[in-house]
Each structure stands twice: as C-alpha cells, then as structure tokens.
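Student: Hi! Could we walk through this structure together?
Tutor: Sure, let's put it up on the screen.

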Amino acid sequence: MSPRSVDRESPDRLYTVTGGRTLGDDDPFDLVSLVVSEREPAPGMQSEHVRILRDCQSPMAVVEISAGLALPVSVVKILLRDLLDAGSITVRRPVAKRAQLPDHDMLKQVLVGLQKL
Amino acid sequence: MGSRNSDQAGLAARSPLRKTASHGLKIVVVGGFGVGKTTMVGSVSEIKPLSTEEVMTEASVGVDDNSRVGQKSTTTVAFDFGRITLDQRNVLYLFGAPGQDRFWYLWDQLFSGSLGAVVLVDTRRLQDSWYAIDRLEYHQMPFIVAVNRFEGPTPTLEQVRDALSVDAGIPLVDCDARQRESSKLVLITLVRYLTSLSGPQDAPHPPGSLAMSVPDPISDYSSSAEETAL
C-alpha cells in the first residue's frame, strides 16, 4: 500500500495501451461509476477494449475493471473514454457529488441494505 | 502488484452485479499500516478484496516535496476494495486507504464523493490516526472512529477519544475487524451518523455542529447491536 515507482510496472505497456494519451481535466468517470456494454466487441478492436466490453455485459465499476485488467485507474478511464465516445458503453454515475452531504433518503436505503446483510 | 493482479484478473467479472445496479456508492476505511483495513473490507465484502492502483503524475503532486520521489515524475499508489450489493440499485464499495501517508491528498481525489469514512484505530499506535483525522476534518468528510481491539479493553473508548481529540458528537466504537457482524455494525454506525447529519431538513452542517443532537455513541452502538443481531 505504499507509493512505488510506476517504472516497476511496465510503462511501455501503459503507453501502448493508451497511445500516450491522458484524460485531462474532463473526466466523466468516478471510481464507482458503473459501466455497461452496449454492443459486442468488433473485429480488430484493441484487446483491452474487447475485454472491457465482455466484462461489462453486467454493470461493473471502473475500479473493478481496473483490478481485472491490472491497469491503473487513470489508464482504464482513457480506454473507457474511447468506448464512451464510440457509443459502445453507457455509464451509470454515482449519486453523491463532491463536498455535498449525501441525500437523506438514499442514506436510509443504504442503512436498510446494510441491516439486511 | 503484478502477480496479485494476474490472480485477480477476471475475478470481478465472475461475480457480476445485478443488471439493475445503477448507483455506485463509496465508503473509505482509513488507518495506519497493519491496523486491519483490508481485513475489515474483506469481512463484509461479497467479493474477495481486490487490489488496484492509480498513477499519480507530477502535476497532481501539487505542493508536495518532489525531492522525496527522487527523479521520478510519476508514481503509483495501490489500494484495496470490496463490494456490498445493498439492493436492486445500490452497490456500496469499501476502500481501504493508508491514513498516514504523504499521498493523502490523492485519497481525497480518489475518494471524493464518498458517503463518509471509518478511521480504524489500533490503540497501540494511536498516533497513526492523527493525520487521517486531521485531513478528514479539513475536508469536512464525515467520519466515525472504530477501535480494532488487539489487546483487551484498555484504553477505554473515552480515553481514546481524548487522546485523538475527537469531537464528542462523533461516534467512537469498538470492533473486531475480522468479524463480519462487527464490521457490519461499524458501517451501520457510520451510516446512522451520516443520516443524523443530513437530516430531513436537508440543511448541510459541518460534522461538529450537531454534536449535541447526536445520540451517545456507546449506547447507540449497543442498541444497534441488538437490532441487527438477527
């Protein structure tokens, strides 16, 4: 859980996967945004894109996709952005916004859900 | 984390969410090294805790001291998480994050929009929690404190509260992070506290301002234990 150099991973792979791109400030994804595939993988698609489309036939959070692909979250977000722009996925965003107390009714739903565990 | 990540490749895909899942929610468990964050996440998670990482570039380092990362302009931080399906729509993700860490502002970026936080405390190393509590207060992220009992009943919760200078209105509970029921109660205590903060009046309050209206954390903990002992 300690900070480490990314160079211990495989930076070449990270660069290849993203084509050297970064997401910039316009980030439509949260760690827990739920991603759903809207179409089947197409022939010739980048393997990571194929994998995401297959894994997300049921909703899957960005952070789960990241763990499954063994790629950092920010890299996964770039791949997801490609798929979102192409209309291949839809995103179900989290309810809570930054610096805002969560909705009272939603908290009650969470409480009920936890008590049923 | 190479080997670990290959092991978990596809793990999440094998435990798919319901098709109706639409709302991802976050709670963060913060604590020092070895305090039991991943243990707590794992004890209530419906999936084996997964690990992933985020790349931090120099731009997001901000005012931090770059000399400490040597010549590198990019580093990664790893974190664990688990998942709880609450109902047809809501899915709660639990994240474990080191509290005493110079990358704490990264946790703020990662976990913005979280419902709240659990500060997991080891009484043998209370000082590990100071920084996390300070940062949570600064960012006005509501939190409760859970004492993971390693060595008997002392110090008491009130002694821990004093040592950590935790506001009287903030719930402080004992727990055994290995036990599912105990970890569940910690989460329930947090969400009850959040509910008391949000209130039906929908007026935002900083966590400290409701100190007098929040039930006594110890008795509240006991009553929640009774209600949920099904």
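**A walk through chains A and B**

Tutor: Let's begin with a helix pair: V62(A), V63(A), I65(A), S66(A) and L69(A) in helix 3 of chain A meet V73(A), V76(A), K77(A) and L80(A) in helix 4 of chain A. Being in contact takes two C-beta atoms, placed from the backbone, within 7 Å. Helices (H or I, at least four residues) and strands (E, at least two) are DSSP runs, numbered from the N terminus.

Student: What is the mix of nonpolar, polar and charged residues in the contact of those two helices?
Tutor: The contact of helix 3 of chain A with helix 4 of chain A divides into 7 nonpolar, 1 polar and 1 charged. Here Ala, Val, Leu, Ile, Met, Phe, Trp, Tyr, Cys and Pro count as nonpolar, Asp, Glu, Lys and Arg as charged, and the others, Gly among them, as polar.

Student: Before we go on, what kind of model is this?
Tutor: This is a predicted model, where local features need pLDDT of at least 70, side-chain atom pairs count only at pLDDT 80 or more, and totals for chains, interfaces and linings use all residues. Residues are numbered from 1 along each chain as its sequence is written, while chains are lettered from A and ligands numbered from 1 in the order in which they are written.

Student: Back to the pair, then. At what angle do the axes of helix 3 and helix 4 of chain A cross?
Tutor: At roughly 105 degrees, and the axes of helix 3 (residues 62–69) and helix 4 (residues 73–85) of chain A come within 9 Å. Axes are lines fitted to C-alpha atoms, for helices over the stretch in contact, and angles run from 0 to 180 degrees between N-to-C directions. Helix 3 of chain A and helix 4 of chain A are therefore roughly perpendicular to each other. The classes are under 35 degrees for roughly parallel, over 145 for roughly antiparallel, 65 to 115 for roughly perpendicular, and oblique for the rest.

Student: What else is V62(A) in contact with?
Tutor: Leaving aside its neighbours within four places in sequence, V62(A) has a list that includes F29(A), D30(A), L31(A), V32(A), S33(A) and V35(A). V62(A) and V118(B) are the residues with the most contacts inside the largest nonpolar core, which has 86 residues. Such a core is a set of buried Ala, Val, Leu, Ile, Met, Phe, Trp, Tyr and Cys residues joined through C-beta atoms within 7 Å. Helix 8 (residues 180–198) of chain B gives the most to this core, with 9 residues.

Student: And how do you decide buried or exposed?
Tutor: A residue is buried if 20 or more other C-beta atoms lie within 10 Å of its own, exposed if 12 or fewer, and partly exposed in between, with C-beta atoms placed from the backbone. Buried residues make up 40% of the 117 residues in chain A and 46% of the 230 residues in chain B.

Student: Which elements does chain A have?
Tutor: Chain A has 5 helices and 4 strands, running β-α-β-α-β-α-α-β-α from the N terminus on. An open antiparallel sheet is formed by 3 strands in the order 3-2-4. Strand 3 (60–61) and strand 4 (89–92) of chain A stand at the edges with a single partner strand each, so one side of each is left without a neighbour in the sheet. Two strands pair if DSSP finds at least two bridges between them. Strand 2 (residues 34–37) and strand 3 of chain A pair over 2 bridges, and V35(A) stands opposite M60(A).

Student: How many helices and strands are in chain B?
Tutor: Chain B comes to 9 helices and 7 strands. In strand 3 (residues 74–85) of chain B, 9 of the 12 residues are buried, so that strand is largely enclosed by the rest of the structure. Strand 3 runs antiparallel to strand 4 (residues 90–98) of chain B, joined by 6 bridges, and the two form a hairpin with 4 residues between them. R83(B) stands opposite Y93(B) in strand 4 of chain B.

Student: One last thing: is K19(B) buried or exposed?
Tutor: K19(B) is exposed, with 11 other C-beta atoms within 10 Å. K19(B) lies in the loop between helix 2 (11–14) and strand 1 (23–31) of chain B.
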